[in-house]
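Please open the model in your viewer and keep the sequence panel visible beside it. The tour below proceeds by selection, with a short account of what is found at each stop.

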Amino acid sequence: MTTGSLNIDRARSAGRIEHDIETLAGPDYTRSEEAIRRYAYTPEYRNTLDYFIGELEALGFEHYEDPVGTLVARNRPRGEKVFGVGSHCDSNRNGGKYDGTMGVVAALEVCRLNEELGLDLPLQLVSFLEEEGSGFGQMLLGSRIIAQRVTEEELREGFRAIDDGRSFWEHAEEAGYDPGRWQEAVHTIDDLIGWIELHIEQARVLQDTDKRLGIVNAIAGYVHADITVHGRSDHAGATPMGFRQDAGLVAAECMLELERLAREAGRGTVGTVGEMELRPNLINAVPGEAQFSLDIRGVDEEGFRGVARDIAAFAKEAAERRGMTADYVQRQTLSATPLDERVVGALEKAAEASGEAYVAMHSGAAHDTMSIADRVPSAMVFVPCKDGISHSPEEDADPADAALGAEVMLNAIRELVAGKS
Ligand SMILES: [Zn+2]
């Protein structure tokens, strides 16, 4: 089998992709007139799955939904090896047309091209349930269920709908699914010999460096934590500077130290204080307490975890120097996900052959691919989004870039499938 690079009719693919995206931005597919808003078990989400099912049936794909609603479609019987493509088609509650949906649409285009060009590649498209957490406040929920990274207790009781407070379990049953069999969702990835997810970048690196594609070789892990500094609240006029225990000053020192530590760690490590609360939060009171959040991410596991350890130690010392105390409490953490060298390499080779500008990069944001990458050799393709904007009706991306992405995915899959047979 030859794996010389194919050039597709990109303009035609871009036209089809644009048609899919614009159709799915129509009133039947969103719960809001101002934004894209669709999430698990709503009629608009159902319509979106049905749209994809219709297109895939036309290509001769068989399809099913896992016990909670992740859509799977394939052109080979179950049990035969297939290459996986897809993303998610739910949105943020105030979302745009492209986040997630563009990845499922690009995967559909790969399936169309496979058929049209008579390539006969074994393919499986997956559209993961509830990536954004808009229905139940749980990110990557469908793919975490596949990865068995949830408990039955969480599905039965813990995870509650944002709209009405009823359980995930109840909603899934009402939508006609069988959550009692949730553990069988693991079989969705049994036959996959590889996996590629296309997604908008959600940052402005590609746009600002004039690249049309990013080949993603790792997804950042993160630590989410809070630091609380305990000082003493005093009158802001009556208390001389030398008599204060101003918790806000320790918070300020920590913010600057976090910036220094993240820069020093390098390799794309980032650190952000996004929430900050001073108490009593009055113009004429010295803050007696300061609480702030930490979001620390990176693909170098030791690097970003080191930053978290160092900032926790720094906060304690900085507080002590001023006669105060500080505690550090972790909210949540997730390991970095390295992606597969062979799949990344095949994508880079295909991107090179496309003649378009691309760059190897990592993802700072979380994606469903994180849930399956330890079991399936995986990689991702990023396409630019205007000004890096996502999770907003202002989201904008170019179908021509997604068409280029589909071509690169198709060529990479051809090479990887040939290598397996
Ligand atoms: Zn997404």
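The stops run from the whole chain to a helix, a core and several individual residues.

**The whole chain**

Begin with the complete protein, bearing in mind that this is a predicted model. Displayed as a cartoon, the protein shows twelve helices and 14 strands. The C-alpha trace spans about 80 × 50 × 35 Å along its principal axes. For 421 residues, a compact globule would have a radius of gyration near 22 Å, and the 24 Å of the protein agrees with this. Buried residues account for 49% of the 421 residues. Of the contacts between residues at least 6 apart in sequence, 77% join residues at least 24 apart.

**The two domains**

Next, colour residues 10–219 together with 337–420 as domain 1, and residues 221–334 as domain 2, following the domain assignment. The centres of domain 1 and domain 2, taken over C-alpha atoms, are separated by 37 Å.

**Helix α2**

Select residues 43–58, which form helix α2. This helix has 16 residues and extends 22 Å from its first C-alpha to its last, close to the 22 Å expected at 1.5 Å a residue. Which residues of α2 are buried? They are Glu44, Tyr45, Thr48, Tyr51, Phe52, Glu55 and Leu56. These residues cover an arc of only 125 degrees around the axis, and therefore lie on the same side of α2. Now turn the helix to view its other side, where Pro43, Gly54, Glu57 and Ala58 are exposed.

To see what the buried residues of α2 pack against, add α1 (10–23), β1 (62–65), β2 (71–74), α3 (101–116) and β4 (123–128) to the display. Just after α2, stop at Gly60, which takes a positive phi of about 85 degrees.

**Asp28, beside α2**

Move to Asp28, in the loop between α1 and α2. Is Asp28 buried, partly exposed or exposed? It counts as partly exposed, because it has 13 C-beta neighbours inside 10 Å, whereas a buried residue needs 20 or more. Leaving out residues up to four places away in sequence, Asp28 touches Glu44 and Asn47. A distance drawn from Asp28 to Leu56, 28 residues apart along the chain, gives 19 Å between their C-alpha atoms.

**The largest nonpolar core**

In soluble globular proteins, nonpolar side chains tend to be buried together. Here, the largest nonpolar core has 121 residues. To locate it, select Val110, Val229, Val250, Ala315, Leu347, Val381 and Met409, the residues with the most contacts inside this core. Then highlight helix α12 (residues 399–420), which gives the most to the core, with eleven residues. Domain 1 and domain 2 both give residues to this core, so it lies between them.

Centre the view on Val250. Setting aside neighbours within four places in sequence, Val250 is in contact with Val229, Ala290, Ala315, Ala318, Ala319, Arg322, Met324 and Ala326.

**Leu334, in strand β11**

Select strand β11 (residues 325–334), and within it Leu334. This leucine is partly exposed, with 16 other C-beta atoms within 10 Å. Residues up to four places away in sequence aside, Leu334 touches Gly221 and Tyr222. From Leu334 to Glu301, 33 residues apart in sequence, the C-alpha to C-alpha distance is 9.8 Å.

**Backbone geometry worth inspecting**

Most residues other than glycine have a negative phi, and most peptide bonds are trans. The last stops depart from these tendencies.

- Select Arg279 and Pro280: a cis peptide bond joins them, with omega at about 5 degrees. Pro280 lies in the loop between β9 (276–279) and β10 (289–298).
- Proceed to Asn281, also found in the loop between β9 and β10. Its phi is near 65 degrees, a positive value in a residue other than glycine. Asn281 counts as exposed, with 11 C-beta neighbours inside 10 Å.
- Finish at Gln202, in the loop between β5 (192–200) and α7 (205–208). Although Gln202 is not a glycine, it has a positive phi of about 65 degrees. Gln202 is partly exposed, with 19 other C-beta atoms within 10 Å.

Technical notes. Residues are numbered from 1 along each chain as its sequence is written. This is a predicted model: local features need pLDDT of at least 70, side-chain atom pairs count only at pLDDT 80 or more; totals for chains, interfaces and linings use all residues. Domain bounds come from an automatic or database domain assignment. Helices (H or I, at least four residues) and strands (E, at least two) are DSSP runs, numbered from the N terminus. The expected span of a helix is 1.5 Å times one less than its number of residues. A residue is buried if 20 or more other C-beta atoms lie within 10 Å of its own, exposed if 12 or fewer, and partly exposed in between; C-beta atoms are placed from the backbone. The arc is that of the directions from the helix axis to the C-beta atoms. Two residues are in contact if their C-beta atoms, placed from the backbone, lie within 7 Å. A nonpolar core is a set of buried Ala, Val, Leu, Ile, Met, Phe, Trp, Tyr and Cys residues joined through C-beta atoms within 7 Å. The radius of gyration is taken over C-alpha atoms; the globule rule is 2.2 Å times the number of residues to the power 0.38.
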